[in-house]
Amino acid sequence: MSEIAERPLAPLRIGTRASPLALWQARHFLSRIGGFCPMLQGDTAFEETALSTAGDRIQDRRLAEIGGKGLFAKEIHEALLDGRVDFAVHSLKDLETELPPGIVLACLLKREDARDAIVLGPDCGEPTRGDPLACLPHGALVGTASVRRQSQLLHARPDLRVETIRGNVQTRLRRLREGEFHATLLAYAGLKRLGLEAEAGVVLEAEEMVPAAGQGIVGITVREDDIALRELLHAIEDPAARAVAAAERALLAALDGSCRTPIGGHARILMDGQLYLTGLVARSDGSFLLRRRVSGAVADAERIGRELGDSLRRDSPADVLT
Ligand SMILES: NCc1[nH]cc(CCC(=O)O)c1CC(=O)O
């Protein structure tokens, strides 16, 4: 056994990004684990390390331009592998599908609402019943850095204009209030966790705006050889979150799009016990959009995801998935 593997269980060192949302998620996880394991309750059980990542430092460009999701996790993976932290808490949607050797996704927490919400600025209409996008005036400027949200918006409403806006949730809301944009789209899960759900003007159904794979799920990574911690984390994992995440992440991996490809993936387990997976591939400008829904046994989640990904890939024009 390595030195790292022989350390006592407490204090556990937790690695997280420094944003308010990341810190909320880290503390939420700590309360879950403390509730399960009395030895890990209270302030002395954990040490929190807020890690600054390249994704957080570079704020003026689209993620797609600067290298995508890996930017958030790279420094966190390194801290894990060096033994500076024992586990790391992530928004699953920001975590690449293929983790570096030696790191495993040991635990997924129960999913928060996976839908996207429209946050309306001062110049927008009131949300109405019926068409959820009707609150956006003709030609409205929508701020988002997500090609997935952009493509689906423009497909439904070609009159809209989209401009890149990044930064954490609070920064985006401030810029919206200052009148830089008519509206922005954010994950409803993030708003709820920050106590900002009242900001959501309209919550879009997953069929209207297919969420990102893993949206609303918090995932915990650990070193592969940390068997004791993996067992503990396995015990608090939400099996439904594991199944839907497996389907959505297999879909994403099979599509193998670049980080510039708009891809959506959303799975649910319904009352009949079956897993339903919606996948989406689009062109950023909305001129092509393909959405497909399949279902199957929960135990086959990964295969369902892979097969849907393959089928979407087969039926998409060559320029979309390059
Ligand atoms: N890419 C940033 C990010 N990563 C996770 C969330 C929200 C929380 C979640 O999806 O679990 C957000 C903010 C957003 O997309 O509005």
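## Helix, sheet and ligand shell in a predicted model

On the other side of helix α8 from its buried residues, I227, E231, H234 and A235 are exposed. A residue is called buried here if 20 or more other C-beta atoms lie within 10 Å of its own, exposed if 12 or fewer do, and partly exposed in between, with the C-beta atoms placed from the backbone. Helices (H or I, at least four residues) and strands (E, at least two) are DSSP runs, numbered from the N terminus.

The structure is a predicted model, in which local features need a pLDDT of at least 70 and side-chain atom pairs count only at pLDDT 80 or more, while totals for chains, interfaces and linings use all residues. Residues are numbered from 1 along each chain as its sequence is written.

**Helix α8**

The buried residues of α8, which spans residues 227–236, are L229, L232 and L233. They cover an arc of only 95 degrees around the axis, so they lie on the same side of α8; this arc is that of the directions from the helix axis to the C-beta atoms. The buried residues of α8 pack against three strands, namely β3 (87–91), β4 (103–108) and β10 (218–223). Contact means that the C-beta atoms of two residues, placed from the backbone, lie within 7 Å.

**Strand β5 and its sheet**

Strands of a sheet pair through backbone hydrogen bonds, either parallel or antiparallel. In this model an open sheet of 5 strands has the order β7-β6-β8-β5-β9, with mixed pairing, and its edge strands are β7 (161–163) and β9, each of which pairs on one side only. Two strands are said to pair if DSSP finds at least two bridges between them.

Strand β5, residues 116–120, is mostly covered, since 5 of its 5 residues are buried. Both of its faces are covered, with D116, I118 and L120 buried on one side and A117 and V119 buried on the other. β5 is joined to β8 (residues 183–187) by 5 bridges, and these two strands run antiparallel; within this pairing V119 stands opposite T184, and L120 stands opposite A183. β5 also pairs with β9 (residues 202–203), again in the antiparallel sense, over 2 bridges, and here I118 stands opposite V202.

A183 appears again in the surroundings of L136, a residue in the loop between β5 and β6 (141–143). The C-alpha atoms of L136 and A183 are separated by 7.6 Å, although these residues are 47 residues apart along the chain. Not counting residues up to four places away in sequence, L136 touches C124, R157, L160, H182 and A183.

**Around the ligand**

The residues around the ligand are S91, K93, D94, L186, A187, A189, G190, Q215 and G216, where a residue counts as near if its C-beta atom, placed from the backbone, lies within 6 Å of the molecule. The elements that give two or more residues to this shell are β8 and α7 (188–193). By class, the shell has 3 nonpolar, 4 polar and 2 charged residues; Ala, Val, Leu, Ile, Met, Phe, Trp, Tyr, Cys and Pro count as nonpolar, Asp, Glu, Lys and Arg as charged, and the others, Gly among them, as polar.

**The annotated region and selected residues**

UniProt lists residues 245–312 for "domain: Porphobilinogen deaminase C-terminal" in an unreviewed entry. Over residues 245–312 the chain is 34% helix and 37% strand, and the end C-alpha atoms are 18 Å apart. UniProt also places the feature "modified residue: S-(dipyrrolylmethanemethyl)cysteine" (unreviewed entry) at C259. UniProt positions are given in the numbering used here, feature names are shortened, and annotations may be inferred rather than shown by experiment.

C259 lies in the loop between α9 and β11, and D256 lies in that loop too, between α9 (239–255) and β11 (263–269). D256 has a positive phi of about 50 degrees although it is not a glycine. R303 is found in helix α10, residues 301–314, and its C-alpha atom is separated by 7.5 Å from that of A250, which is 53 residues apart from R303 along the chain.

The table sets out the surroundings of these residues and of L136.

| Residue | Other C-beta atoms within 10 Å | Class |
|---|---|---|
| D256 | 12 C-beta atoms | exposed |
| R303 | 14 C-beta atoms | partly exposed |
| C259 | 17 C-beta atoms | partly exposed |
| L136 | 24 C-beta atoms | buried |
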